[in-house]
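Please take the sequence and the model below together, and follow the chain with the text beside you. The paragraphs after the display go from one helix to the wider fold and then back to particular residues.

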Amino acid sequence: SPCCVGPRIGLRFRSLNSSQISGASCFLHRLRNRPLAAPSATCSPPPSAAVFSCARPLSSQSPRGLLTASALSNPNRADHYRHRGMSVAAAASGAEVTVGALPAWTWQQTMLRIKDPKKSLPFYQDVLGMTLVDKYDFPQFSFSLYFLQSLPQGQDYTLEPGSDEAHKYLWSIPGVALELTHNWGTEDKEGAVYHPGNADKDGFGHLAFACEDVYKCCDELEAAGVEFKKKPDEGRMKGLAFVYDPDGYWMEIIGRAASPDAPKYAFAQTMLRVKDPKKSIEFYTGTLGMTVVRESHFSDFSLFFLATLPLGTVVPDPTGEEAREWVRNELYPKCVPILELTHNHGTESDPEFVYFSGNEDPRKGFGHIGFLVDDVYEECAKLEANGVSFQKKPDEGGMKGLAFAKDPDGYWIEICKRGQEGKFF
């Protein structure tokens with residue numbers, strides 16, 4: 001991540017035990033310096049102040065960097081805090097807001113099913129520069145999970161994927177991982193196994209990776225034999241491209257600001273189509289603690305960009321041009337990805353309209369997005385009380401202590417415990 005310095009972070013700690021003090025010290029170390037490669041037994045992220053990004057925090061050298069008294073007193077900012085799932089009164093309350101800490105829910109993963117890990121892993125690691133940070137093998141269920149992350153330049157990851165230490169890192173992860181699910185035996189099947197999305201009524205659209213020079217990177221991708229859906233100067237939208245991964249999923253290649261710490265490609269977006277943005281934005285901001293950082297409106301569709309940000313972060317007006325540059329300059333170089341919600345106008349008025357979630361035969365491909373919380377059972381009880389439906393409750397099925405809720409469009413939201421050891425049996 002990037003070259004922002006001089007953060008002003010305010011933290012309050014009450015009745016801390018020795019392990020929490022150790023965790024808080026490590027959290028402050030990450031804010032002031034480069035991040036630690038991974039949590040350890042003596043240095044783990046504190047439960048109430050989770051690590052935000054792969055490296056340094058958002059710049060606070062301008063009024064938009066952190067929550068300020070003047071921002072709170074500005075009535076024009078009220079809509080912004082409602083987008084964040086925070087009232088102005090709540091934002092102003094010391095009991096409600098610990099500046100620099102993260103919301104109770106933090107986005108942790110996006111899951112895709114893959115046919116052959118021997119093809120997919122080299123694509124994401126060698127072509128797009130991701131790091132394999134953890135893996136799970138479940139022989140009793142005949143599937144494996146691979147977790148990859150975009151890491152800053154110069155940050156070496158030394159943990160062995162599949163080890164207890166890597167599991168601990170994964171469930172306290174700074175940032176968002178890409179989870180690749182391999183059901184054993186699919187690699188031996190002829191032809192395509194999974195549906196990549198983008199057919200009629202498909203909800204999942206694409207992932208995106210941000211780079212400093214789209215044209216140069218696309219030349220390199222083409223030379224490496226990567227197949228393109230759209231090159232940078234094709235179509236109406238110039239300066240961005242779409243390539244295919246080995247399973248045919250669309251990967252958007254977009255631009256970001258230059259930064260000496262940013263990886264060549266930073267995992268930048270997961271795009272989902274939504275029927276009714278009012279319901280979806282309320283769910284993701286009001287329930288899951290995300291922030292609307294940008295909006296773009298066109299004649300027949302609208303785009304809403306959301307991110308998990310530290311409490312107290314003040315973003316520009318999401319509808320203004322400054323928001324676009326803020327995302328490019330502040331978030332993408334820091335490996336802070338966006339959940340892009342695409343609304344095709346009119347779907348909200350059709351009572352019969354539904355999107356496929358990616359979990360229906362024969363359209364399985366995209367699986368879910370996942371969030372970390374401190375207490376899975378407590379948060380699931382809150383969701384149930386608010387009428388949220390579940391695909392799986394925490395004690396259902398073979399894997400205990402994790403759940404799958406459904407968003408307003410039926411997309412699966414995995415809910416996992418933050419800081420766990422990662423042993424599900």
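Which residues of helix α8 (residues 277-287) are buried? In this predicted model, they are Pro-277, Ser-280, Ile-281, Phe-283, Tyr-284 and Thr-285. The N-terminal end of α8 is capped by Asp-276, a side-chain oxygen of which lies 3.1 Å from the backbone nitrogen of Lys-278, while just after the helix Gly-289 takes a positive phi of about 75°.

With that helix in view, the whole chain can be considered. It has ten helices and 16 strands, and of its 425 residues 56% are buried. Among the contacts in the chain with a separation of 6 or more, 72% are accounted for by residues 24 or more positions apart.

A strand is a useful next stop. Strand β1 (residues 106-114) is mostly covered, with nine of its nine residues buried. Strand β13 (residues 366-373) runs antiparallel to β1 and is joined to it by six bridges, and within this pairing the bridge partner of Trp-107 is Phe-371 in β13. Strand β4 (residues 177-183), in turn, runs parallel to β1, again with six bridges between the two, and here Arg-113 stands opposite Thr-181 of β4.

From the strands one can turn to the nonpolar interior. In soluble globular proteins, nonpolar side chains tend to be buried together. The largest nonpolar core in this model has 61 residues, and the members that touch the most others are Leu-112, Tyr-124, Leu-180, Phe-209, Met-251, Tyr-284 and Ile-415. A second, separate core of 22 residues includes Val-133, Phe-143, Tyr-157 and Ala-177. To see the surroundings of one member of the largest core, take Tyr-124: leaving aside its neighbours within four places in sequence, Tyr-124 is in contact with residues that include Leu-112, Leu-180, Phe-209 and Met-251, along with Gly-129, Met-130, Leu-148, Leu-178 and Asp-245.

Another helix, α7 (residues 214-223), can be read by its two sides. Its residues Val-214, Cys-217, Cys-218 and Leu-221 are buried. Why do these residues belong to the same side of α7? They lie on the same side because they cover an arc of only 100° around the axis. The face turned away from this buried side carries the exposed residues Asp-219 and Ala-223. What covers the buried residues of α7 includes the helix α5 (117-127), together with the strands β5 (204-211), β6 (228-230), β7 (241-244) and β8 (250-255).

The two ends of α7 can be described as well. At its start, a side-chain oxygen of Asp-213 reaches to within 3.1 Å of the backbone nitrogen of Tyr-215, and just after the helix Gly-225 takes a positive phi of about 90°.

The cysteines deserve a last look. How many disulfides are there, if a pair of cysteine sulfur atoms has to lie within 2.5 Å? The count comes to zero. For Cys-218, which is in no disulfide, the nearest cysteine sulfur is that of Cys-211, 6.6 Å away. Cys-218 has a relative accessible area of 3% and is therefore buried, and Cys-335 likewise counts as buried because its relative accessibility is 4%; the limit that applies to this step is a relative accessible area under 20%.

Conventions
Residues are numbered from 1 along each chain as its sequence is written. This is a predicted model: local features need pLDDT of at least 70, side-chain atom pairs count only at pLDDT 80 or more; totals for chains, interfaces and linings use all residues. Side-chain values use heavy atoms; hydrogens and water are left out. Buried means under 20% relative accessible area, exposed over 50%, partly exposed in between (1.4 Å probe, protein chains only). Helices (H or I, at least four residues) and strands (E, at least two) are DSSP runs, numbered from the N terminus. The arc is that of the directions from the helix axis to the C-beta atoms. Contact means heavy atoms within 4.5 Å. A polar contact is a pair of N or O atoms within 3.5 Å; within protein, one must be able to donate a hydrogen and the other to accept it, and residues adjacent in sequence count only if both atoms are side-chain atoms. A nonpolar core is a set of buried Ala, Val, Leu, Ile, Met, Phe, Trp, Tyr and Cys residues joined through side-chain atoms within 4.5 Å. A disulfide is a pair of cysteine sulfur atoms within 2.5 Å. Two strands pair if DSSP finds at least two bridges between them.
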